[in-house]
Amino acid sequence: MRAFVINDYAHPSKIPATANFPEPKAGKGQVLVDVYSAGLNYFDILQSQGKYQVQPPRPFVLGNEFAGKISADSPIPDGCPFRPGDRVFGGGQGAYAEKVAVPWQNLVPLPDNMSYDQGAGLYVTWPTSYEALVGRAELKAGEWVLVTASAGGVGIAAVQLAKALGAKVIAAAGSQEKLDISIRYGGADHGVNYSKEGWQKEVLKLTGGKGVDVVYDPVGLIRDSLKCIAWKGRAIVVGFAAGTIEKLPLNLVLLKNISIVGIHWGAYTKFEPARVPVVWRSLLDLFSSGRAKPIVYPETFPLERLADGLVALEKRKTWGKVIVHVRDPESSQARAKL
């Protein structure tokens with residue numbers, strides 16, 4: 001099968017797609033999925049170089065988020081609700097390939113009103129943002145939320161979710177184009193360009209001098225955001241897309257009476273599995289009601305140009321969720337009932 005295989009650690013730009021990698025075999029409790037579309041994530045770039053906290057034994061297929069359908073030749077384990085041909089989205093190592101083997105519990109039915117492209121970016125991005133805001137920050141209606149990298153995959157999801165939860169949202173990004181996207185597609189109330197010195201003063205002005213109640217940060221801007229966080233504010237550590245793990249002045253944490261909380265959604269299946277279906281029920285309700293909608297970057301990439309997509313993501317040239325087409329894009333759209 002066609003796949004993006006890591007034999008030796010290297011930057012994705014140095015690795016070509018493979019045309020004849022062996023198809024996976026389903027293990028106990030697993031099903032086979034024909035992958036139509038897959039979602040690109042920043043951690044893929046780290047994993048291909050051996051720098052991520054989860055490193056499968058080599059050789060391995062890169063990628064973790066996908067949408068497709070249960071393969072015609074897939075085994076169906078006891079208790080599995082899916083049948084061959086069912087449209088699904090999910091997560092599991094090996095998404096950048098024509099077929100992936102995953103535990104059936106890692107799959108969610110793809111809503112009828114969503115394409116494979118939209119579904120391919122749901123499994124990591126949306127529950128991360130939802131649990132960060134609801135489970136960790138305990139966001140309340142009427143509160144102020146600052147979302148950094150607000151036009152990115154997790155960022156634009158966080159903007160939409162915060163609005164759906166009744167918050168007032170300040171989008172923060174490094175260009176006016178990305179702020180416009182955050183407002184147009186995400187529904188943000190305001191935009192602030194954090195490439196400009198003193199941007200925190202604008203945040204304070206927008207909030208009437210109070211500061212924001214919640215900071216959602218996938219970049220590594222927690223330290224800078226502490227200048228505009230409110231009393232009893234909550235700052236959520238989502239990731240470090242800027243490449244540097246921050247060192248924080250804990251005296252400000254004490255003086256401002258604030259909380260610094262992390263979100264590691266991938267560990268919930270191990271430490272808090274009962275929470276996972278609760279989050280998905282809430283998200284699917286938001287999708288079906290139209291209060292939230294996956295935003296896909298207009299340029300999609302074929303599997304053979306996956307590296308170009310990851311480089312564009314790394315250089316922050318994209319917005320929304322970047323998607324790679326693994327199978328015929330026309331087929332991947334055809335069965336979505338839009």
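How much space lies in the second largest pocket? About 230 Å³. This is a predicted model, in which local features need pLDDT of at least 70, side-chain atom pairs count only at pLDDT 80 or more, and totals for chains, interfaces and linings use all residues. Residues are numbered from 1 along each chain as its sequence is written, and side-chain values use heavy atoms, with hydrogens and water left out.

**Second largest pocket**

The search runs on a 1 Å grid over the protein atoms alone. A pocket is an open set of points with protein on both sides within 12 Å along at least five of seven lines. A cavity is a set of points where a 1.4 Å probe fits but cannot get out. Lining residues have an atom within 4 Å of a point. Grid points are joined across faces, edges and corners, and a volume is the space filled by probe spheres set on the points.

The second largest pocket, with about 230 Å³ of space, is lined by 13 residues. Closest to its centre are Gln105, Leu107, Val276, Pro277 and Trp280. Strand 7 (107–109) and helix 10 (275–289) each give two or more residues to this lining. Helices (H or I, at least four residues) and strands (E, at least two) are DSSP runs, numbered from the N terminus. Helix 10 provides the largest share, 4 residues. By class, the lining holds 10 nonpolar, 3 polar and no charged residues. Here Ala, Val, Leu, Ile, Met, Phe, Trp, Tyr, Cys and Pro count as nonpolar, Asp, Glu, Lys and Arg as charged, and the others, Gly among them, as polar.

**Helices 10 and 5**

Helix 10 has 15 residues. From first C-alpha to last it reaches 22 Å, close to the expected 21 Å. That expected span is 1.5 Å times one less than the number of residues. The buried residues of helix 10 (buried: under 20% relative accessible area; exposed: over 50%; partly exposed: in between; 1.4 Å probe, protein chains only) are Arg275, Val276, Val279, Trp280, Leu283, Leu286 and Phe287. Seen down the axis, these buried residues fall within an arc of 125°, so they line one face of helix 10. The arc is that of the directions from the helix axis to the C-beta atoms. Arg281 and Ser288 are exposed on the face turned away from the buried side.

Helix 5 (residues 176–184) buries Lys178, Leu179, Ile181 and Ser182. They cover an arc of only 160° around the axis, which puts them on the same side of helix 5. Glu177 and Arg184 are exposed on the other side.

**Largest cavity**

A search of the whole structure finds 1 cavity of 30 Å³ or more. About 70 Å³ of space lies in the largest cavity. Among its lining residues are Asp117, Trp126, Ile156, Pro294 and Lys321. Helix 2 (116–119), helix 3 (125–136) and helix 4 each give two or more residues to the lining. The largest share, 3 residues, comes from helix 4. The lining divides into 6 nonpolar, 4 polar and 2 charged residues.

**Backbone and accessibility**

A cis peptide bond joins Arg58 and Pro59, with omega about -5°. Pro59 lies in the loop between helix 1 (42–48) and strand 3 (60–61).

Ala149 has a positive phi of about 50° although it is not a glycine. Lys232, also not a glycine, has a positive phi near 65°. The table places these two residues beside Glu304 and Leu146.

| Residue | Place | Relative accessibility |
|---|---|---|
| Ala149 | loop between strand 8 (144–148) and helix 4 (153–164) | 21%, partly exposed |
| Lys232 | strand 12 (residues 229–237) | 52%, exposed |
| Glu304 | loop between strand 14 (301–302) and helix 11 (306–314) | 48%, partly exposed |
| Leu146 | strand 8 | 0%, buried |

Two C-alpha separations follow. Glu304 and His325 are 21 residues apart along the chain and separated by 9.3 Å. Leu146 and Phe21 are 125 residues apart in sequence and 44 Å apart in space.

**Annotated span**

An unreviewed UniProt entry annotates residues 17–324 as "domain: Enoyl reductase (ER)". UniProt positions are given in the numbering used here, feature names are shortened, and annotations may be inferred rather than shown by experiment. The end C-alpha atoms of residues 17–324 lie 12 Å apart. The span is 29% helix and 22% strand.
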